[in-house]
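Here is a friendly walk through one protein model, from its helices to its cores and aromatic rings. Keep the viewer open and follow along.

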Amino acid sequence: MAVYGAAKRICVSIRSYSWSASENVNLIKQLRERTSAPIKDVKAALVDSNWDIDAAQKELRKRGKVLASKKSSRIASEGLLALAQTPAKVALVELNCETDFVARNDIFQQLALCLARQALSLDNSSSSAFHVGPQSFEDMRLNLEHPKINGETTVHNAITEVAAMMGENVRLRRGYVMPASSHGFISTYLHTSPQPGLGRIAGILSLEVDDGKTQVEALQRVGSELAMHVVAAKPLYLTKELVPSGALENEREILKSQAEASGKPQMAIDKMVEGRLRKYFEDVVFMDQKFIMNDTMNVKVVLDNLSNQVGSSVRVVDFLRMEVGEGIARQETDASETVAQVA
């Protein structure tokens, strides 16, 4: 009987342990779903909180914010560009993280989209694209409206909260706002887009039309193709006249040195330099570049053809190209210098 009693107690103990382990696994799963925190952190918080899920959630938030602060100095070169648009303007922001795994997280993506929408409220007296840094968002508040993070808070706190949940440095790096011309519209293109409004490379183009009501479909189609061209061809300047004299002289000196190495007469060297300068313009000047959709013509010809088709002059007012992480390895201090846009 004594043996039977001991065996019975052992069976009850095993069933109790089995139930307890199953319940703990369920709590870990629930807290993981609530917070998206790493499993090891979730389990540690539950153990420290005696398996009280609400107390563990509060503990995770405290730990996460401390860790987010410690990780804020780490380089974050991955992430996404987020774009928001109204008929009057387009806003583009870059939100960085450390890995593409976090960039694919729906909370991170929701934060990026919210920040882009907030950037639409920024304004200045400029009629062309203007840069907005993190300081421009200091007084703003937002609501992520996500099941795991809800309620109104400051932009800084929202970024810190997401960084704590992701376990990485999350950083709002930069943004641009481009107003539309009073007689035109803005076309956009996002490359490697996980969902509408997000991508890794963005091309934005502001077009001006004397008669904006004529053949809108044709204007929008070519505008979208030209925005895609900006992404693919990486222009630096709109026209030859906007190429800085210093950059032009530097290029001329390099080409001259290369030509002189050929040992040819000076007249031949001069012709070589001028020919190679034309090639340089074709590489970096938007209007001189070969159109990616049809390389038998350049962008200027595309616009001339469009103007003839719609019966009204069509002009590029402004353009902008931005890519996630560009310039971070070279310099962290001024991201705006790595963006191709009209001066």
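Against which helix do the buried residues of α8 pack? They pack against α9 (266-284). Keep in mind throughout that this is a predicted model.

**Two helices**

Let us stay with α8 for a moment. This helix covers residues 245-260, and its 16 residues should span 22 Å at 1.5 Å a residue; the end C-alpha atoms are 22 Å apart, which agrees. Its buried residues are L248, E251, L255 and A259. They cover an arc of only 75° around the axis, so they sit on the same side of α8. The spacing fits a familiar rule: an α-helix has 3.6 residues a turn, so residues three or four places apart point the same way.

Helix α6 (residues 155-166) is mostly covered, with ten of its twelve residues buried. Those buried residues are V155, A158, I159, T160, E161, V162, A163, A164, M165 and M166. From its first C-alpha to its last, α6 reaches 16 Å, close to the 16 Å expected at 1.5 Å a residue. Just after α6 comes G167, which takes a positive phi of about 75°.

**The nonpolar cores**

Next, the interior. The largest nonpolar core has 38 residues, and those touching the most other members are V93, L95, F108, L111, L115 and F137. At least two residues of this core come from each of β1 (78-85), β2 (89-97), α4 (100-103), α5 (106-119), β3 (130-132), α6 and β6 (171-179). The largest share, nine residues, is supplied by α5.

V93 is a good residue to click on. Leaving aside residues up to four places away in sequence, V93 touches L80, L81, A82, A112, L115, A116, A119, F137, L172, R174, G175 and M322. There is also a second, separate core of 22 residues, which includes F185, A218, L219 and F286.

**A look at V132**

V132 lies in strand β3. Is V132 buried or exposed? V132 counts as buried because its relative accessibility is 4%, and the cut-off for buried is under 20%. Not counting residues up to four places away in sequence, V132 touches L122, F137, R174, G175, Y176 and V177. One of these partners, R174, is 42 residues from V132 in sequence, yet the two are 6.1 Å apart in space, C-alpha to C-alpha.

**The aromatic pairs**

How many aromatic pairs are there? The count comes to two aromatic pairs, and here they are side by side.

| Pair | Geometry | Centre to centre | Angle between planes |
|---|---|---|---|
| Y280 and F281 | tilted | 5.9 Å | 50° |
| F286 and F319 | stacked | 5.5 Å | 25° |

The pair of F286 and F319 links distant parts of the chain, 33 residues apart: F286 is in the loop between α9 and β10 (290-291), while F319 is in strand β12 (residues 314-323). F286 is buried, with a relative accessible area of 0%. F319 counts as buried too, at 0% relative accessibility.

In the tilted pair, Y280 counts as buried at 13% relative accessibility. F281 is buried as well, with a relative accessible area of 12%.

Notes. Residues numbered from 1 in each chain as written. Predicted model: local features only at pLDDT ≥ 70, side-chain atom pairs only at ≥ 80, totals over all residues. Heavy atoms only, no water. Helix = DSSP H or I, 4+ residues; strand = E, 2+ residues; numbered from the N terminus. Expected span 1.5 Å × (residues − 1). Buried < 20%, exposed > 50% of the residue type's maximum accessible area, 1.4 Å probe, protein only. Arc of directions from axis to C-beta. Contact = heavy atoms within 4.5 Å. Core = buried A, V, L, I, M, F, W, Y, C linked by side-chain atoms within 4.5 Å. Phe/Tyr/Trp six-rings, centres within 6.5 Å; stacked < 30°, edge-to-face > 60°.
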